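Ready to poke around a protein? Below are a few exercises, each with a solution worked out step by step.

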Amino acid sequence: SAQAHAFQMRIINVVMLVALLAAACLIGIGSRLPPTYYAAEIREDETPYEHATFMSHVSWERENNGHQFQSRVHLSATSPEDAGQMMVSDHRGNESLPGPSAMRDTAAALGDATPVFIVLGIASAPKNSGHRSWIRETWLKLPNVRVGTGGGSGSGGPVRAFFLIGLLTSEGTAHARKRAESIHHEQAVHSDIHLLNARETKPPGEKMIGFFRLCVGGFVKASFCVKTDDDTYVHTVRLVHNLQHLWHVHERAQLRHTAGTPLPDFADSAQLPDGPLLYVGATLWASYIPEHFQVCGHGMGPMMAVAAAQTERCSQRGGIGPFPYAAGTLEVLSMPLARWMIEQPSVAHFVQRAHAQNPPAWDIGEDTVLGMWVHQSPFAITALHWGWDKIHDLCFKCTDKKQLWKPITDQSVVVHIKGHQANRHNFQNVHHNFSQVCGKHCQETDLSFDVPSLADLCSRGAIKTAYSKCKMLR
């Protein structure tokens, strides 16, 4: 019957597409030049398999080191049963590869890469080649890091890390030729730089949103998008362990919530979260005036920010807040929250307005703006404050007790090596001290959050009267 025929054709299509992908991987492995990208085009002949051999063709271009290569894979099957035994031949005609079953065995023998759990973008200025080299020599060598946006180097661990550089200067022009050639050479050697269509500003507002767009669009199965800076040491082993624990805790809580009570009504069902909505870091508080790209009413905590907002008349000037935000040293969004954020027209409009300003107007408060976007979400969530003992500035003698600077301790996860301290010696010392202070057992310890939830935050003192998100709690 026509329905049976259509069903058989679908079976063949699925099996052949699997074989095509596997063949592409194996041919890429067989080449001495690893592929940079594949642009695939698939065509299927319309002749029914009962009357002729069912054929599929795939072609792609592989670019590497300025050269292009073309390959063609040819598959054939005369029935759905034969599809499992298909032979694959490449464009040279002198090699053949087994069908999907044998390819699965080969893939198992090679070892599947660990799924990406965290996508970690490191904002870096074009001139900061030294910072990038110090990071490559230290924490990018931790055992759970895979470097680069593509295949990358490393053990194939759950962290995908790469540097973020803007294609444009702060004035919106291309980088000078010497600078561009230097970046190109560095990327050719290390394959760990991603060029974003963004201007180089400090703080890196356009690069921040560019990274989250890249993370959501390019790593759809990851659980977290994390942005940091190139003057920061990130202990990725501790970060993964604790974010995995946090994800599972909130996933269970979300399941209990949705099982007992319905989710809020949204105008668009696509806004319904598909996982934990998490925003994590070491938090500060402020208001923000989006019309003028200005931070207003800054404070270490909510009540300080409320007082500062009143003094600076933030509300009367069009300010939103006060709200908590994760300081730019480490900005963590779970994938469901990052996806929601970049889909918002208001976010797109803000970024378009900012990009149109020359000289840049969004030249302060990159991290504050991210906090504002989360604050404007329809979700009963807040920035989870991990604590200044987990994410902190680095000090050595630490004589000034008024500052948030700390040495490496068994609580440290992320260390900000401030500009005047950022050098190879200090990065290596931090790397060495981490291994001395925090061994395997320490690295697998769950670290508590100073602010673990919106409910906890709103239960403290008069905060519920100052923080508008508290009204969302039932």
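**Exercise 1.** Find the handedness of the link between Cys 458 and Cys 470, and work out which parts of the chain this pair links.

*Solution.* Keep in mind that this is a predicted model.
- Start with the sulfur atoms: those of Cys 458 and Cys 470 sit 2.0 Å apart, and the two residues form a disulfide. The cut-off for calling a pair a disulfide is 2.5 Å, so this pair qualifies.
- Next, look along the S-S bond: the angle about it is -90°, and the link is left-handed.
- Now place the two ends. Cys 458 belongs to helix α14 (residues 454-458), while Cys 470 is in the segment after α15 (463-466). The pair links distant parts of the chain, 12 residues apart.
- Last, check the surroundings: Cys 458 and Cys 470 are both buried.

**Exercise 2.** Say why the disulfide of Cys 215 and Cys 225 ties together separate parts of the chain.

*Solution.*
- A search of the whole structure turns up four disulfides, and one of them joins Cys 215 to Cys 225, with an S to S distance of 2.1 Å.
- Cys 215 lies in helix α6 and Cys 225 in strand β11 (residues 224-229), so the bond ties together parts 10 residues apart in sequence.
- The S-S angle here is -85°, which goes with a left-handed link. Both Cys 215 and Cys 225 are buried.

**Exercise 3.** Work out the handedness of the disulfide between Cys 438 and Cys 442.

*Solution.*
- The S to S distance for Cys 438 and Cys 442 is 2.0 Å.
- The torsion about their S-S bond is about -100°, so this disulfide is left-handed.
- Are these two cysteines buried or exposed? Both Cys 438 and Cys 442 are buried.

**Exercise 4.** Find which residues touch the most other members of the largest nonpolar core.

*Solution.*
- The core has 92 residues, and Ile 118, Trp 139 and Trp 373 touch the most other members. Its largest share, seven residues, comes from helix α6 (residues 205-218).
- Zoom in on Trp 139: leaving out residues up to four places away in sequence, its contacts include Leu 120, Val 145, Tyr 233 and Phe 427.
- Apart from the largest core lies another one, of nine residues, among them Leu 454, Cys 458, Ile 463 and Tyr 467.

**Exercise 5.** Describe the whole protein in a few numbers.

*Solution.*
- Count the elements: there are 15 helices and 21 strands.
- Then check burial: 48% of the 474 residues count as buried.
- Finish with the surface: about 23,300 Å² is exposed, and carbon and sulfur atoms supply 54% of it.

Methods: Residues numbered from 1 in each chain as written. Predicted model: local features only at pLDDT ≥ 70, side-chain atom pairs only at ≥ 80, totals over all residues. Heavy atoms only, no water. Helix = DSSP H or I, 4+ residues; strand = E, 2+ residues; numbered from the N terminus. Buried < 20%, exposed > 50% of the residue type's maximum accessible area, 1.4 Å probe, protein only. Areas by Shrake-Rupley, 256 points an atom, 1.4 Å probe, with all protein chains shown as cover. Core = buried A, V, L, I, M, F, W, Y, C linked by side-chain atoms within 4.5 Å. Contact = heavy atoms within 4.5 Å.
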